[in-house]
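These notebook entries record what I looked up about charged side chains and their pairing. I began with burial and then turned to the pairs themselves.

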Amino acid sequence: TSLQDAFKPVNSWISHGIGWLDEIQSFYRERSLIEKEYSSKLNQLAKRYFEKKAKKSAALSVGDSPQMTPGSLESASLVTWTSILNSTEVLSKEHETLSSELLNQVAEPLKDISTKYEDFRKRHEALAVKLQQERDSVYSDLKKAKEKYDMQCKEVESARVKVEKSYDASKNKAEKAKQQELLDMNNVKNTYLIAINVTNRHKEKYFHEDMPELLNSLQDLNECRITKINNVWTRSATLEVDCHRRCTENLETVISEIKRNLPYLDSNMFVEHNIAQWNEPANFEFEPSMVWHDTDDIVVDEPAQVFLRNMMTKGRRSLEEVKPDLEKKKKEVEGLRARKEAVKFDDSQGQVDADVTRALFHSMEEFLVFDNKRTTYQVEIDTILLAVGDIERGASTHKFKAASFKIPTNCDYCQERIWGMGSKGFTCRDCGYSCHAKCEMKVPATCPGVLDKAAKKALKEEKRASIAINSIPVELGNGDEHKSTSGVSRSNTMTSTLSSSHSSGTLKSVVGSKLTKSNSTAGTGPIRRVIAPPPENYVAAPPPEPIHEMFAEEAVKGKMSYAYSAVGEGEITVEAGKDLMILESDDGSGWIKVKAGFRVGLVPASYVETNPASSIPERPMSANSSSAVSIAHSIASSTIGKKKGPAVAPRRGAKKVKYVEAIYAYEAQTSAEFSMQEGDKFVLVKEDQGDGWAEVELNGVTKSVPANYIQIL
């Protein structure tokens, strides 16, 4: 822990020590051959290794770039090594038996030690890279949060400018858009502030927990390596004592020198010569946007509290999910560490030691992933609790699950459509509430609890009816003195009929609506005109998503968008505009089974519109309006004749369509290739045939893309 953030120099020093084992191994191998040539050869060998030691004395003692030069001092291991070289000059005669013993009992074990400890060192290095990547990833997330916050501030400023430039009816719309952008900005700001706390905690964890633990492990690795070297040296010296009684006294001196080489002495010398002044990086702080000056206080108004409550709920659920895995991995790491301590000095358990070490580092990597998640969730929860308290208590939050919407569905929060192959959203497991992924964190905690199918359907219909009635425009006054008392109002006999199959928030048709003048203004005041509702209230909306909890007996209706003539067995001929009943939906072949009148058969799925909107009602006439032409009819008629049917009907009996999604961006190099962005979807025509390319289709055009840039959905 004294070196703090000094993994690179420590790792380099450890690498030198492990590499040095190869030289020691080489020494004993060469010595086993030279022993046959008696003392002259041994003297030459000792001199040669004295020179090598002199060249690497500083690197082995204090590393490549020490803060303080060691002068003539050497590490305890080098001092011991010097004693061994001196004894080698004395042991100038060794017979063939000793040569064989040195080769089998000294050189080969050194090779195994070098290989094993180099593997251990590389695993430390890989773990250090992983830790740095995790830290940099958190830093990157903070940077993205800052950029998103700056962008949202610009959006608010842009909305404010639009409000200033807008007039009359558009001003309210611009003001509403500005308020929505302001709410989104507050949520983004809160996310940014929370990300700052998360990043600071990860930084602290990296410098005060993860790196010190890794450096301690490296120190233990080095000291264990030195212990094993001592064992090898002791074995070598003992062999020489047995073979050369005349040199017993000299060799006993060498053994005593080896015993003085305690594992921690080298580490202490390296630390003393490499201690440098180190200052911990400053904590991250909130940075106001250049275009939106703000403080570092978390926004706690009602919309923000909804967002924070949902964020706290999601964080607590995620925290509870990750805790069992974290505890499991923690126990696993502790067990492996205890097992490693039991076998690391036992030469007979060398393979077990290697296997345990590999398993330990694998478990530590997995533990770090769960621990970092726990840290993130806990900091998020603590930050929200500090700002607004436990706002989740007593709230009826929705239990959302991820969902894909393949047919038109309205978001119950923003009332906008969720539709398309790539559309993703969430649905409450209990009450069936549906929303965009972007709206999930904004949904108020108003879940009514577990509902059956009929109750879910009734709840959706109630919401649709309420929003549709509120969306009907009633009147527009003429003069400030009449704003508080309406001059024109709807009759009590108004009977607006809402289609039960229409999506939430959209008025499908108004039948029997009647506008009458109020008696309170009869004969007084200026003439006031009833303003008809805008044309979009008379135009059928795009087909909505049917409620998933439909009763089995409710069949899906459709309409032929284009005429189709049967060309194969089991098909039927249907003219354009014909109402249908869909009996079997498309299973991926491009065909569906329908009932048209009394005929039942197959037609192309692309020729059929599912749940078509009802016909457009005529616009109700105002008593004082001079318009004689229905705007709704003009809009509807403007769209007639613009549809163009597919040039060729899909082939019946084709294989089930497979879709692929781009997982990386790619720029086309030739006209036979598609350019694509991450997340783009295509129809798979031909998989990789071994050349690394796949053929895909988009809008009827088939081209090639790299096979490893896509994944099958």
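Entry 1. I looked up Arg-135 in this predicted model and found a relative accessible area of 14%. Arg-135 is therefore buried, because that value falls under the 20% cut-off. I then looked up its partner: Arg-135 forms a salt bridge with Asp-136, with the closest N and O atoms 3.2 Å apart. Asp-136 has a relative accessibility of 33% and counts as partly exposed.

Entry 2. I searched the whole structure for salt bridges and obtained 34. I selected further pairs from this search for inspection.

Entry 3. Where do Arg-160 and Glu-157 lie? I found both in helix H4, 3 residues apart, which is about one turn of the helix. They form a salt bridge, and their closest N and O atoms are 2.3 Å apart. I noted a relative accessibility of 26% for Arg-160, which is partly exposed. Glu-157 is also partly exposed, with a relative accessible area of 22%.

Entry 4. I next examined the salt bridge between Asp-119 and Arg-358, in which the closest N and O atoms are 3.8 Å apart. This pair links distant parts of the chain: Asp-119 belongs to helix H4 (residues 96-165) and Arg-358 to helix H9 (residues 350-388), with their positions 239 residues apart. I recorded Asp-119 as partly exposed at 23% relative accessible area. Arg-358, at 33%, is partly exposed as well.

Entry 5. Which residues are joined into one network by salt bridges that share partners? I found Asp-119, Arg-123, Asp-355 and Arg-358.

Technical notes. Residues are numbered from 1 along each chain as its sequence is written. This is a predicted model: local features need pLDDT of at least 70, side-chain atom pairs count only at pLDDT 80 or more; totals for chains, interfaces and linings use all residues. Side-chain values use heavy atoms; hydrogens and water are left out. A salt bridge is a side-chain nitrogen of Lys or Arg within 4 Å of a carboxyl oxygen of Asp or Glu. Helices (H or I, at least four residues) and strands (E, at least two) are DSSP runs, numbered from the N terminus. Buried means under 20% relative accessible area, exposed over 50%, partly exposed in between (1.4 Å probe, protein chains only).
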